Amino acid sequence: MIKQLLIFSLVICFTFAASCKGIKATDGTTYDLSKLAGTTYSAKKLPDGLNSYDYDFRICDDIGKCGDMDTSSLCQKWSEDGQASLGKFTDGPTGLANGAGVSITYTDGEPLSPSRGQPKVPRTAVWTINCDQSVKTIELVTVNHAPDSTEYKVEAKSMHACPHKGGSSSGGTIFLILLIVVAVVYFAGGIVFNKVRGNDEILPHQELWVGLPGLVKDGVGFITSKTCMRS
């Protein structure tokens, strides 16, 4: 039980590290799309074949319900009530070599029959996000698919698809992450341990933590008094 809780705590801590950060291409080029996550973007009247559609989409995230699908990351709309999911974000992006941009595949979209008489197949959307320093967020350029296909080719552009020049995480950042992980594991594991053992205390070393504010106050008072005596 404790082992499972520790593993769960570690997973929760590192979930916040977006899968769209630190994207590497085969030649070592690094990209960072994490600043695009968490925002819903829209595009109006993009042609696909003989028709034009509106789109709502998110990068590295879901926008929620679209058509008959409960979750979607790319929603195609042709009327107020007419819409279909072209897929949802499931796997991390792939960096393209030579600074060409980023590729992402959205899967498990609303099923569509490729042609009459054939069984329905979930739609997929294969993104190519090109580097464009003039686009501060992201701009959808084209969405196309062949009449006998359920795969949509999506082209977009963004400054965030340009090679990321930032360095690796600093020592302070790494230390902070480790500190948070250790704290979560310590308190979660301690609480479970006390419950299993039937201890009255909820927190591990509860007496120490309850008295901590007083110890801090005494320490500050001691330092202040020494400083005043020297001055």
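In this predicted model, the side chains of K157 and D132 meet in a salt bridge, with N and O 3.9 Å apart. K157 lies in strand β16, residues 151–158. D132 sits in the loop between β14 (124–131) and β15 (139–144). The pair therefore ties together parts that are 25 residues apart in sequence. K157 has a relative accessible area of 25% and is partly exposed.

A second salt bridge joins K153 and E151, at 2.8 Å from N to O. Both residues are partly exposed: K153 has a relative accessible area of 47%, and E151 stands at 32%. Salt bridges with shared partners also link D132, E139 and K157 into one network.

The count of salt bridges comes to 6. Among them is the pair K77 and D56, whose closest N and O atoms are 2.7 Å apart. K77 belongs to strand β7 (residues 74–77) and D56 to strand β4 (residues 51–57), so this pair ties together parts 21 residues apart in sequence. The two partners fall into separate accessibility classes. K77 is partly exposed, at 22% relative accessibility. D56 is buried, with a relative accessible area of 18%. Buried here means under 20%.

E110 presents another case. This residue is found in the loop between β11 (101–107) and β12 (111–112). E110 is buried, yet has no salt bridge. Its nearest side chain of opposite charge is that of R123, 4.8 Å away. A salt bridge requires a nitrogen within 4 Å of a carboxyl oxygen, so this pair is not counted as one. R123 is nevertheless one of the residues that E110 touches. Leaving aside residues up to four places away in sequence, the contacts of E110 also include C66, G67, D68 and M69. Q83, A84 and S85 are touched as well, as are V121 and P122.

Attention turns next to a pocket. The second largest pocket holds about 170 Å³ of space. Its lining includes D32, K35 and Q133. M159, H160 and C162 also line this pocket, together with P163, H164 and K165. By character, the lining residues divide into 3 nonpolar, 3 polar and 3 charged.

Conventions
Residues are numbered from 1 along each chain as its sequence is written. This is a predicted model: local features need pLDDT of at least 70, side-chain atom pairs count only at pLDDT 80 or more; totals for chains, interfaces and linings use all residues. Side-chain values use heavy atoms; hydrogens and water are left out. Helices (H or I, at least four residues) and strands (E, at least two) are DSSP runs, numbered from the N terminus. Buried means under 20% relative accessible area, exposed over 50%, partly exposed in between (1.4 Å probe, protein chains only). Lys and Arg count as positive and Asp and Glu as negative; His and the chain ends are not counted. Contact means heavy atoms within 4.5 Å. On a 1 Å grid over the protein atoms alone, a cavity is a set of points where a 1.4 Å probe fits but cannot get out, and a pocket is an open set with protein on both sides within 12 Å along at least five of seven lines; lining residues have an atom within 4 Å of a point. Grid points are joined across faces, edges and corners, and a volume is the space filled by probe spheres set on the points. Ala, Val, Leu, Ile, Met, Phe, Trp, Tyr, Cys and Pro count as nonpolar, Asp, Glu, Lys and Arg as charged, and the others, Gly among them, as polar.
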